[in-house]
Amino acid sequence: MWDYTDKVKEFFKNPRNVGEIENADAVGEVGSIICGDALRLSLRIDKATGKILDAKFKTFGCASAIASSSALTEMIKGMTIEQASRVTNKDIADYLGGLPEEKMHCSVMGMEALEVAIANYHGAPLKKEMVGEEKIICKCFSVTDKKIIRAIKENNLRTVEEVTNYTKAGGGCGKCKPEIDKLLKEFWDKESTKKPMPPKETAKKGLTNLQRISLIQETIEREIRPQLKADGGDLELVDIDRNKVYVKFLGTCLGCPATGITLKALVESKLREFIDENIVVEEAK
Amino acid sequence: MKLVYTDNNATTMIAPQVYEAMRPFLTEQYGNPSSMYFFGGQIRHDIERARENVAKLLGASEPSEIIFTSCGTESDNTAIMSTLRSNPEKRHIITTKVEHPAILSLCKYLETVGYRITYLNVDNEGLLDLEELKSAIDHDTALISIMYANNETGVIFPIEEIAEIARVRGIVFHTDAVQAVGKVPIKLTELPVDLLSLSGHKLHAPKGVGALYVRRGTKFSPFLIGGHQEAGRRGGTENVASIIGLGVACGLAEKNINEENTRVKNLRDTLENALLTKITNSRVNGSRQFRLPNTTNISFEFIEGEAILLLLDEKGIAASSGSACTSGSLTPSHVLRAMGVLFTYLQGSVRFSLSRYNDESDISQIIEHLPVIVKRLREISPYGK
């Protein structure tokens with residue numbers, strides 16, 4: 001039997017926020033009955049403040065899938081969309097006092113449903129769609145390279161087994177395991193050749209305006225543009241006014257309904273991470 | 001809270017008589033059966049009595065056809081490896097897609113060292129097509145290994161016909177009868193099986209003991225190579241207490257086999273029918289006609305097995321499931337998949353396997369709680385109605 005924490009058991013046996021919000025402002029659906037777990041998340045959002053007023057879920061899956069979904073709804077109620085967009089699978093697992101390694105994919109499912117719901121709020125469909133050059137690696141569970149790389153990065157995964165625990169990729173017929181191994185090698189090889197960033201604290205404080213501008217430029221070049229380009233999009237820096245950074249989307253980003261999320265979840269959060277927590281990014285008009 | 005134990009295909013309670021019979025051999029009677037002095041030598045006689053009991057339950061012609069092993073897996077591995085070593089010129093094995101991992105994992109390994117394996121299909125009811133078996137046989141076939149009854153669904157294969165097909169073609173036939181022994185009558189004097197595996201803890205003996213039946217005249221090569229124990233067919237000092245326990249358990253099984261096929265079967269049928277009636281979108285996995293008397297495998301659509309089991313556990317009910325989450329892997333039961341169980345039902349299977357220690361109050365407790373649990377989980381499920 002699995003070693004579930006008391007909190008997982010509690011959230012499974014007495015799940016909070018089961019159900020569906022009628023005429024929800026945002027809905028996110030991930031997984032399928034064939035894959036063995038599925039989650040439908042619906043949100044009520046205050047349009048003026050962007051605050052999540054209510055969150056409900058319906059989940060098909062095991063105890064930890066149900067507990068992760070319920071925990072997610074508890075966590076994000078009261079958050080703004082922008083705050084919620086920064087919730088990771090690790091946050092969900094931590095909230096539950098941890099999940100067994102083999103069950104980490106349940107927390108990833110929660111994070112994904114939230115992402116899809118936020119994108120849906122900004123106009124994207126309520127089911128995730130594949131974009132650009134994404135490629136399915138695991139055919140049994142329809143897991144893409146993008147999802148695998150993200151799980152590797154965010155959870156510091158080093159082995160194929162860990163990737164399977166977090167994404168289910170490789171957990172069916174197992175034929176894609178060599179490909180997962182390749183993705184792992186490529187990712188960590190690239191990581192090791194990256195020049196080390198100066199620690200966050202020193203980067204933020206005591207920068208001259210000029211240093212600050214060049215650091216913003218550098219971060220956009222290194223951290224943000226490659227990610228957008230991977231999906232056929234791009235962006236350019238237009239202006240910097242104290243804490244406000246103005247950017248313009250290019251390529252497939254133009255007219256993409258998800259640019260709102262990209263702006264906050266990617267551009268702003270990266271600049272905040274590397275330079276200053278007070279940075280606000282806006283799209284140049 | 002009363003424990004309702006309905007997972008007897010996983011393991012069983014040690015019968016009180018078995019425990020009592022074993023106790024002296026775990027305390028004062030610790031001598032080595034191979035020794036010359038009376039203290040050890042007497043124990044040899046006790047082991048032989050146990051062997052007679054096992055042989056009697058199986059309807060074997062001679063006790064010497066029984067080799068004691070450490071478990072069902074060892075018996076299965078011994079049967080396969082012995083046959084391959086005894087027929088080194090043949091490189092083909094026929095088995096089924098629904099065998100226990102004790103067979104399947106070994107076959108997967110054998111594939112990597114050059115053996116050819118045919119995994120026979122089963123239909124929606126979990127049954128074999130014997131024509132497929134016949135056409136799979138060729139001049140290179142060393143062994144046919146087909147289970148007597150399936151551990152997950154309880155489906156019984158037509159062992160008599162299969163054994164006959166193997167016999168007329170001169171191919172060694174092994175059956176993994178771990179789930180069948182003690183639940184259905186077996187008479188090996190009339191059943192041309194060459195090798196048969198059984199496990200102690202599935203019939204109220206302790207864990208850590210099993211047996212392999214080897215028909216007299218079958219070429220044999222030991223798996224555990226060592227001392228002269230078991231007439232040189234299995235090295236290693238005998239697990240005396242457990243062997244004594246297995247002997248007593250086989251005696252009890254023989255006595256109770258009728259009860260197993262009447263009272264226990266009725267309990268199973270009552271449970272199954274009540275659940276099918278009270279719970280919509282539920283179905284039995286596997287043939288209801290060709291089935292062990294103690295097993296029912298039921299799927300509940302749109303929900304997942306682990307969640308069901310944990311909520312049953314809260315009510316003191318122990319059962320098992322073929323869902324992905326309970327198997328420790330990410331894919332649901334290989335048996336249910338081989339049967340082509342519809343995907344909406346695949347993850348929501350629960351197996352109840354009874355024993356003679358179950359009674360009507362156990363069954364009512366399950367019938368009382370399970371419909372509520374299923375309803376609750378369907379309310380959480382996005383596919384639920």
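**Entry 1: the second largest pocket**

I began with the second largest pocket, for which I note a volume of about 680 Å³. I recorded its lining as 27 residues, of which A:V30, A:G31, A:E112, A:K128 and A:S142 are the closest to the centre. I then asked which elements give two or more residues to this lining. They are β1, β2, α5 (104-121) and β5 (143-144), which belong to chain A. By residue class I entered eleven nonpolar, six polar and ten charged residues for the lining of this pocket. I keep in mind throughout that the model is predicted.

**Entry 2: cavities**

I next looked up enclosed space and found two cavities of 30 Å³ or more in the structure. For the largest cavity I wrote down about 100 Å³ of space. Its lining has 15 residues, and those closest to the centre are B:K183, B:K202, B:L203, B:H204 and B:E260. I divided the lining of the largest cavity into five nonpolar, six polar and four charged residues.

**Entry 3: the contact of chain A and chain B**

I turned to the interface and asked how many residues each chain brings to the contact. I note 30 residues from chain A and 23 residues from chain B. The two chains bury about 2,100 Å² between them, and 71% of this area is on carbon and sulfur atoms. Within the area that chain A buries against chain B, I attribute 28% to A:K13, A:I33 and A:F60, more than to any other three residues.

I then searched the interface for polar pairing. Seven residue pairs are in polar contact across it, with both residues at pLDDT 80 or more. For the side of chain A that touches chain B, I listed the elements supplying at least two residues each: α1 (6-13), β1 (26-32), β2 (37-46), β3 (51-60) and α2 (63-76) of chain A. The largest share of that side, four residues, I assign to β3(A). I classed the residues of this side of chain A as 15 nonpolar, ten polar and five charged.

**Entry 4: salt bridges**

I counted two salt bridges across the interface of chain A and chain B. I examined the side chains of A:K13 and B:E314, which form a salt bridge at 3.8 Å, N to O. A:K13 is also one of the three residues that I credited above with 28% of the area buried by chain A against chain B.

Over all chains I obtained 50 salt bridges. I selected the one between the side chains of B:R216 and B:E62, at 3.1 Å, N to O. Why does this pair tie together parts that are 154 residues apart in sequence? I located B:R216 in the loop between β8 (210-214) and α7 (229-232) of chain B, and B:E62 in the loop between α2 (38-58) and β2 (66-69) of chain B, so the pair joins parts separated by 154 residues in sequence.

Notes
Residues are numbered from 1 along each chain as its sequence is written. Chains are lettered from A and ligands numbered from 1 in the order in which they are written. This is a predicted model: local features need pLDDT of at least 70, side-chain atom pairs count only at pLDDT 80 or more; totals for chains, interfaces and linings use all residues. Side-chain values use heavy atoms; hydrogens and water are left out. Contact means heavy atoms within 4.5 Å. Buried area is the accessible area (1.4 Å probe) that two parts lose on being put together, summed over both. A salt bridge is a side-chain nitrogen of Lys or Arg within 4 Å of a carboxyl oxygen of Asp or Glu. A polar contact is a pair of N or O atoms within 3.5 Å; within protein, one must be able to donate a hydrogen and the other to accept it, and residues adjacent in sequence count only if both atoms are side-chain atoms. Ala, Val, Leu, Ile, Met, Phe, Trp, Tyr, Cys and Pro count as nonpolar, Asp, Glu, Lys and Arg as charged, and the others, Gly among them, as polar. On a 1 Å grid over the protein atoms alone, a cavity is a set of points where a 1.4 Å probe fits but cannot get out, and a pocket is an open set with protein on both sides within 12 Å along at least five of seven lines; lining residues have an atom within 4 Å of a point. Grid points are joined across faces, edges and corners, and a volume is the space filled by probe spheres set on the points.
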